[in-house]
Amino acid sequence: MKEEKKIFVTKATLPPKEEFIQYVDKIWDSAWLTNMGDVHNQLEKRLSEFMDGVEVVLTVNGHLALELALQSLKIEGEVITTPFTFASTTHAIVRNGLKPVFCDIKEDDFTIDPEKIEKIITKDTKAIMPVHVYGNVCDVEAIESIAKKHGLYVVYDAAHTFGERYKGKSVADFGDMSIFSFHATKVFNTIEGGAIALRDKDRRKSLDFLKNFGIADKENVPYVGSNAKMNEFAAAMGLCNMKHLPEYIEKRKRICELYIDRLSDIKSLRLNKYNNDTTYNYAYFPIVVEKGSRDELYDKLVKENIFARKYFYPCTNAYECYSESFDPNETPIALDISKKVLTLPIYPDLEEAQVERICSVIRREL
């Protein structure tokens, strides 16, 4: 029996090679490879326009964007966040010497529950770091209201929502800052990269210094910074991929529609909830296995050479490195969802026949 071709949960999206080579030729001619060169600056400008004119600071990856965003606030104390996220969110808080305080999530869209945020605010709370999950935008109105009432900063981990709009407004234009990841597997990639989007133009200067070792000029270093600069080749990939972003998202949307059509009648599954207020990027297709075993389904898919992802599992407050500090049972909804959720393969090149193959396995097992 012929072994089926492997289907991975994601696949990097690449533009036509000749488009990228045109930029490579220019970089070769200039020999300017990093330190905010012309291509880097072009991408920052292009992204700012795309995000309704907010300031954009490019970084080498999304994690350092998170770290530097928090560092720029110059705060001490507690940051309220969600445990239903990737490691980067929690680690960025801890690596800044701040204490993460975990708030549970909403069961319907997996984002932080604003009704529970206010209950855990203390005199030491300085900021909220919510996470937009699977393309689902947090309750930004409620979070803004709470932040204003208590004088808190809001920094969104928006890694899952690049290119999205909420009620006609760029998702980058909420909170004090929004952080994006341009990792190779994202809807939009710069091979590896990230960005900080911010409203306060005055904060931009400190972020530019922080991502370049804290250096202000040849003789002055006012900050203890990092090396978080995006290089020219990564920026070139970004400019190329921006041209094709609408096409990428449209293909992802079609795959989501196929999944919904094939899986929505399975009573033991819960699919992602979409709303009319959000223009989605269709970055992920999560399913929640309400009846039966998520892990058994995952293993059955692997046997068929289909590699879904337990994403997010475990919750970050259940990580071994935090076992002495946090109890995941204090966020029971996040803990429960983490044990039931799978994200299915999705990327623009995924073929309809492959979607059918994935769905047939799921239908057979559930």
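Contact here means heavy atoms within 4.5 Å, axes are lines fitted to C-alpha atoms, for helices over the stretch in contact, and angles run from 0 to 180 degrees between N-to-C directions. Helices (H or I, at least four residues) and strands (E, at least two) are DSSP runs, numbered from the N terminus.

What we have is a predicted model, in which local features need pLDDT of at least 70 and side-chain atom pairs count only at pLDDT 80 or more, while totals for chains, interfaces and linings use all residues. Residues are numbered from 1 along each chain as its sequence is written, and side-chain values use heavy atoms, with hydrogens and water left out.

Let me begin with the three-stranded sheet. It is open, with the order β10-β12-β13 and antiparallel pairing, where two strands pair if DSSP finds at least two bridges between them. Since β10 (269–271) and β13 (341–344) stand at the edges with a single partner strand each, one side of each is left without a neighbour in the sheet. Direction ignored, neighbouring strands of this sheet are turned by 30 degrees against each other on average. Strand β12 (residues 285–289) is joined to β13 by four bridges, and V288 has V341 of β13 as its bridge partner. Across β12 and β13 lies helix α9 (residues 294–303), which runs at about 25 degrees to β13.

The other sheet to describe has seven strands, is open and of mixed pairing, and follows the order β1-β9-β8-β5-β4-β2-β3. Its edge strands, β1 (55–59) and β3, each pair on one side only, and the twist averages 25 degrees from one strand to the next. Within this sheet, β8 (residues 177–181) and β9 (residues 194–198) run antiparallel and are joined by five bridges, with F180 standing opposite A195 in β9. Helix α7 packs on the sheet, touching β1, β5, β8 and β9, and its direction makes about 15 degrees with that of β1.

How, then, do α3 and α7 pack? Helix α3 (residues 62–73) and helix α7 (residues 201–210) pack at an angle of about 125 degrees, with their axes 10 Å apart. That makes α3 oblique to α7, because angles under 35 degrees count as roughly parallel, over 145 as roughly antiparallel, 65 to 115 as roughly perpendicular and the rest as oblique. On the α3 side, L68, A69, Q71, S72 and L73 meet R203, S206, L207 and L210 in α7.
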